[in-house]
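Please go through the model below with attention to how its parts pack. The paragraphs after it begin at a single residue and widen from there.

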Amino acid sequence: MRSFRSVLMTDETRLKLSAIAFVLIWTPLMIWRTGTPLEPVPVLISLAAGCLAGVLWYWLYGKWFRWYFARR
């Protein structure tokens, strides 16, 4: 029987939440680091780059995660 915690928080859910957290932390830091005024184009470019980084995080970390636990 699976525990209540494993039903609520599957490995796939943890991976998705970590990718979302990565984007929510990384994107504002990249906007802040550039030091430019909040103009629409640099912000949109940073948002697009943040979304791409989140997708790459999800894909690459998920690939590694599945590979690592398949070996066990």
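Ser46 touches Thr27 and Ile31, where contact means heavy atoms within 4.5 Å and residues up to four places away in sequence are not counted. Ser46 lies in helix 3; helices are DSSP runs of H or I with at least four residues, strands are runs of E with at least two, and both are numbered from the N terminus. With a relative accessible area of 14%, Ser46 is buried. The accessibility classes are buried under 20% relative accessible area, exposed over 50% and partly exposed in between, using a 1.4 Å probe and protein chains only.

On the other side of this contact, Thr27 has its place in helix 2. Thr27 also counts as buried, at 5% relative accessibility. Its contacts, leaving aside neighbours within four places in sequence, are Ser46, Leu47 and Gly50.

Some notes on the model are needed here. This is a predicted model, in which local features need pLDDT of at least 70 and side-chain atom pairs count only at pLDDT 80 or more, while totals for chains, interfaces and linings use all residues. Residues are numbered from 1 along each chain as its sequence is written, and side-chain values use heavy atoms, with hydrogens and water left out.

How do the two helices lie relative to each other? Two packed helices are described by the angle between their axes and the distance between the axes. For helix 2 (residues 11-34) and helix 3 (residues 40-71), the axes come within 8 Å and cross at roughly 150°. That makes helix 2 roughly antiparallel to helix 3. The axes are lines fitted to C-alpha atoms, for helices over the stretch in contact, and angles run from 0 to 180 degrees between N-to-C directions. Angles under 35 degrees count as roughly parallel, over 145 as roughly antiparallel, 65 to 115 as roughly perpendicular and the rest as oblique.

The residues of the contact between helix 2 and helix 3 divide into 14 nonpolar, six polar and four charged. In this grouping Ala, Val, Leu, Ile, Met, Phe, Trp, Tyr, Cys and Pro are nonpolar, Asp, Glu, Lys and Arg are charged, and the others, Gly among them, are polar.

Which residues of helix 2 are buried? They are Leu15, Ala19, Val23, Thr27 and Ile31, and they pack against helix 3. In helix 3 the buried residues are Ser46, Gly50, Ala53, Gly54 and Gly62, and these pack against helix 2. An α-helix has 3.6 residues a turn, so residues three or four places apart point the same way. Ala49, also found in helix 3, is partly exposed, with a relative accessible area of 33%. The C-alpha atoms of Ala49 and Met30 are separated by 9.3 Å, with their positions 19 residues apart along the chain.

Helix 3 has 32 residues and reaches 46 Å from its first C-alpha to its last, close to the 46 Å expected at 1.5 Å a residue. The expected span is 1.5 Å times one less than the number of residues. For the 24 residues of helix 2 the expected span is 34 Å, which agrees with the 34 Å between its end C-alpha atoms. Helix 2 is followed by Gly35, whose phi is positive, near 75°.

Over the whole protein chain, the secondary structure comes to three helices and zero strands. Buried residues make up 14% of the 72 residues. Of the contacts with a separation of 6 or more, 63% are between residues 24 or more positions apart.
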